[in-house]
Amino acid sequence: MALEKVSKEEVDLKDVGHETIELYRDELDTNLIPADEMKNLPDEVLVSSANL
């Protein structure tokens, strides 16, 4: 969902930071990914985020 739809704010793409990292399954936060979904993931996972 676009930020403008949620908060009525506009952000220039140049102000958004992007990061992609490779994590092993045992490095993933079980508070963010439920255990029943975790068991279906491969041993190595690419995780991407966008930050304002």
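Lys and Arg count as positive here and Asp and Glu as negative, while His and the chain ends are not counted. The place of each charge is taken as NZ of Lys, CZ of Arg, CG of Asp or CD of Glu. Colour the protein chain on that basis: there are 5 positive and 14 negative side chains, and the centres of the two sets lie 8 Å apart.

Before going on, note that this is a predicted model, in which local features need pLDDT of at least 70, side-chain atom pairs count only at pLDDT 80 or more, and totals for chains, interfaces and linings use all residues. Residues are numbered from 1 along each chain as its sequence is written, and side-chain values use heavy atoms, with hydrogens and water left out.

**Whole chain**

Select the protein chain and show it as a cartoon. The secondary structure comprises 2 helices and 2 strands, in the order α-β-α-β along the sequence. The radius of gyration is 15 Å, well over the 10 Å that the globule rule gives for 52 residues, so the chain is more spread out than a compact globule. That radius is taken over C-alpha atoms, and the globule rule is 2.2 Å times the number of residues to the power 0.38. Helices (H or I, at least four residues) and strands (E, at least two) are DSSP runs, numbered from the N terminus. Along its principal axes the C-alpha trace spans about 40 × 20 × 15 Å.

Switch to the surface. About 4800 Å² of the protein chain is accessible, and 51% of this belongs to carbon and sulfur atoms. The areas come from the Shrake-Rupley method with a 1.4 Å probe, and for residues only the protein chains shown count as cover. Of the 52 residues, 10% count as buried; buried means under 20% relative accessible area, exposed over 50%, and partly exposed in between (1.4 Å probe, protein chains only).

**Helix H1 and the loop after it**

Select Ser7, which belongs to helix H1 (residues 3–7). Ser7 is partly exposed, at 28% relative accessibility. Draw a distance from its C-alpha to that of Asn51: the two residues are 44 apart along the chain, and the atoms are separated by 15 Å.

Go next to Lys8, in the loop between H1 and E1. Is Lys8 buried or exposed? With a relative accessible area of 72%, Lys8 is exposed. From C-alpha to C-alpha, Lys8 and Val47 are 27 Å apart, with their positions 39 residues apart in sequence.

**Strand E1 and Val47**

Keep Val47 displayed and add Glu19, which lies in strand E1. Glu19 has 44% relative accessibility and counts as partly exposed. Glu19 and Val47 are 28 residues apart in sequence, and their C-alpha atoms are 8.2 Å apart. Which residues does Glu19 touch, leaving aside its neighbours within four places in sequence? They are Val47, Ser48 and Ser49, where contact means heavy atoms within 4.5 Å.

Now select Ile21, also a residue of strand E1. Ile21 is partly exposed at 37% relative accessibility. Its C-alpha lies 5.4 Å from that of Val47, and the pair is 26 residues apart in sequence. Beyond four places in sequence, Ile21 is in contact with Val45, Leu46 and Val47.

For the chain overall, 50% of the contacts between residues at least 6 apart in sequence join residues at least 24 apart.

**Salt bridges**

How many salt bridges does the structure hold? There are 2, a salt bridge being a side-chain nitrogen of Lys or Arg within 4 Å of a carboxyl oxygen of Asp or Glu.

Select Lys14 and Asp15 for one of them; the closest N and O atoms are 3.4 Å apart. Lys14 is exposed at 67% relative accessibility, whereas Asp15 is partly exposed at 42%.

For the other, select Arg25 and Asp43, whose closest N and O atoms are 3.0 Å apart. This pair links distant parts of the chain, 18 residues apart: Arg25 sits in the loop between strand E1 (17–24) and helix H2 (35–38), and Asp43 in the loop between H2 and strand E2 (44–51). Arg25 is partly exposed, with a relative accessible area of 28%. Asp43 is exposed, with 53%.
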